[in-house]
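Dear colleague,

Please find below the structure that is being handed over to you. The notes that follow set out what was found in it.

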Amino acid sequence: MENLIERLFPVQDEDLDYESIYEVLFQLYTNPININLANSEVLLASYLLAPDQISSLLEYREKSGPLLSLYELQAIPKFDLPTINQILPFITLGGSQIRYPNNLIKRIFEEDQSYLLFRHRRIWETRKGFTPVDSSSSGIPNSRYAGDPNDLYLRFRIQHSRDFSLGITLDKDSGEQFVWDSQTKRYGFNFFSFHFTKYQIGRWKVVSLGDYQAQFGQGLVFGAGYSFGKGSETVPTVRRSSVGILPYTAALEFGFFRGAGATYQFGNWESSLIMSSAPRDGRSIISTDSEQNEMETISSLSQSGLHRTASEISTKSQFRESNLGGNLQYSINRKTQFGGNLLFTRFNKPWIKTPTVYNQFDFSGINNWVGSIYFNHNWKNFFLFGETGISKSGGKGSVFGFISSLSKEVDISFVWRNYARDFHSFYANAFSEGTKPMNEKGLYIGIQIKPSTNWKINAYYDFFKFPWLRYRVYSPSQGYEWLGRLSYLPNKRVVTFLQIRTEAKERNISDSGEPSLTYLVLPIKKSNLMLSLEYQLSDKLFLRSRILSSKVHFNSKKTNGFMILQDVRYGQNQWRITARAALFDTDDYDNRQYTFENNVLWAFSVPAFSGKGLRYYLLGQYKFNSQLTFYFRFAKTSYADRKEIGSGLQMIKSSHQTESTFLIRYMLHR
């Protein structure tokens, strides 16, 4: 699972919502795919098979009927042993229909996949936010965190693949107070999430109550936070899949629906309904009109989910967002789908952002609607897809593309997108360079070549334009990005690759003080290199060595950075230990080095390192019995170029930062 996650994850970037992506992907893979029932859409969503392999599987099922044994996978054309070994952990074998006993309550109480999970995380150095309150120069007491430094997470989950899922998630962040206070809308844990999802109730394909997400088409309306974008897997991950309604199980406090969602299937038609009413964090301002009437408006909505200081606590659940929407989809021979999406969103107060030079075309008002139509079509080895939509403002957004296997050795992908500067879609997650599909035009081409069983070449080139101003870019701008990756697998125990990535954009330069030169924009070019060697010495011992380097050219100045790391993993039947030591040295923050780190179960880590220092961690896992598993992680970063870490209330007066995480999982029925 860890190897697959790292292979699929995109190029590291601070704007990506890693936890949400990891959570949804983890849920998909803990619900194995029925290889006899899955259509092309489900298979593409798994990212396990190439386009020609999916076509080959569908054709084999049509001619020979359902697979009777997993050994039969070897008989499917274009399925080789590496492919079969890769997909085996994530698939299951069944007939053409799945039937469960009638008593749902009994199945829930007897289900083996039921567990209770508790996680504790803490930074052991004292941050400024936890120090005694002092006073500013004006005599006003400075702000401090209301709670303790402990980060607590509790989850209860019962599920059976493609039958039902029931879960509760509780979360308290570091600095938040564990208190029951209805006035500030705090009830013990800072965040509470519940869901119950049932699959296959007669013609009802899925019914979900509580918190859930939805993904249809290419993510212009319903994006579910589940997409990878650009990365070393240059072909399959650019396409979104209509995975439908999914239970929401992450601890992020935004980006989900709260209410009821359902999909009804009749013949080749599927109809989905989305109903939601959820609290939203934010700040408001009171203004008066010409007749001295007061009006409260939302000035900003917060997505941090943090409620540590009096100021942050005052933003908790201040507003309510209501959503009503739906999807209608028609399928032809499991190879073609046509569909439409529509979503109405209303806030209980008008949302009028604080004006800036770049947000003139952002959403403003009390309600919005956005609609789209989309298609997916499998023609031979070509998987074509597209979606086009329009929002209440009149702004339009479109994305079209295809992925294809030109031969057994060559796969390609192509994506074109055009998003207007006033296209407003709050739950969108379509393919884009920016964090949301808005104010962008672009063209992406990706390729994967396997000249032999030992070699693999991945590459992409993406050109994009931003017709209007953006944050830190106060003029229309454009840029490009390309990546090349050469992988060599001499045998099943050794994997090595060399990856180069270059990105060129434009960015504001610092204010020169000249009134006429306030918003000068210059190009910034970043190049990253990664060299990796992985060696499975035995079934118990695994080694990974990596070198990362970067170069940034901006405003006639060149800066550099690098990182070298060594991983060791050793495990027996009941326990496993993973360790890392890394050395990093960067000239500035622009050269920060992102690196994937192993963590405890259901936790994900892609930290960024800048400056000069040493990073190491030790991760242990021990399985006491079939019911009880314990995880512990100790991590420390020591800096050689500073005596303080962070700023504001997060500042630590030390040259090192120490973090511990422990997690215990108890399986209720084993």
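To begin with a charged group and a ring: R485 lies over the face of F497, at 3.5 Å from the ring centre. Please bear in mind throughout that this is a predicted model. A second arrangement of this kind involves R280, placed over the face of F256 at 5.7 Å from the ring centre.

F497 also appears in the surroundings of another residue, S487. This serine belongs to strand β23. With a relative accessible area of 6%, S487 is buried, because buried means under 20%. Apart from neighbours within four places in sequence, its contacts are N454, W455, K456, T496 and F497.

Strand β23 also takes part in an aromatic pair. The structure holds 37 aromatic pairs. One of them is formed by Y461 and Y480, which are stacked, with 6.1 Å centre to centre and 15 degrees between the planes. Y461 lies in strand β22 (residues 455-466) and Y480 in strand β23 (residues 477-491), so the pair ties together parts that are 19 residues apart in sequence. Are these two residues buried or exposed? Neither word applies: Y461 is partly exposed at 40% relative accessibility, and Y480 is partly exposed with a relative accessible area of 25%. Both values fall between the limits of 20% and 50%, which is why they are classed in this way.

Aromatic residues also gather in a cluster, made up of Y212, F216, F222, F257 and Y427. F222 and F257 have a further role in the description, as they are among the residues with the most contacts inside the largest nonpolar core. That core has 48 residues, and L43, L49, L57, L73 and F79 complete the list of those with the most contacts. Two or more residues each are given to the core by helices and strands including α3 (40-46), α4 (51-64), α5, β9 (204-215) and β17 (365-379). The largest share, 4 residues, comes from α4. As general background, nonpolar side chains in soluble globular proteins tend to be buried together.

L43 offers a closer view of this core. Not counting residues up to four places away in sequence, L43 touches I35, A38, L49, I54, L57 and L58.

Strand β9, one of the contributors to the core, is paired with several other strands. Which strands are they, and how many bridges join them?

- Strand β8 (residues 191-201) runs antiparallel to β9, and 6 bridges join the two. Here H195 stands opposite G210. The hairpin of β8 and β9 has 2 residues between the strands, and in it G202 takes a positive phi near 65 degrees.
- Strand β11 (residues 257-266) is also antiparallel to β9, with 8 bridges between them. V207 stands opposite A262 of β11.
- Strand β10 (residues 244-247) pairs with β9 in the antiparallel sense over 4 bridges. The bridge partner of A214 in β10 is I245.

Finally, helix α5 (residues 81-87) contains P82. With a relative accessible area of 57%, P82 is exposed, because that value is over 50%. The C-alpha atoms of P82 and K492 are separated by 8.7 Å, although the two residues are 410 apart along the chain.

Yours faithfully

Definitions and conventions:
Residues are numbered from 1 along each chain as its sequence is written. This is a predicted model: local features need pLDDT of at least 70, side-chain atom pairs count only at pLDDT 80 or more; totals for chains, interfaces and linings use all residues. Side-chain values use heavy atoms; hydrogens and water are left out. Buried means under 20% relative accessible area, exposed over 50%, partly exposed in between (1.4 Å probe, protein chains only). Rings of Phe, Tyr and Trp (its six-membered ring) pair if their centres lie within 6.5 Å; planes under 30 degrees apart count as stacked, over 60 as edge-to-face and the rest as tilted. A charge sits over a ring if NZ of Lys or CZ of Arg is within 6 Å of the ring centre and within 35 degrees of the ring normal. A nonpolar core is a set of buried Ala, Val, Leu, Ile, Met, Phe, Trp, Tyr and Cys residues joined through side-chain atoms within 4.5 Å. Contact means heavy atoms within 4.5 Å. Two strands pair if DSSP finds at least two bridges between them.
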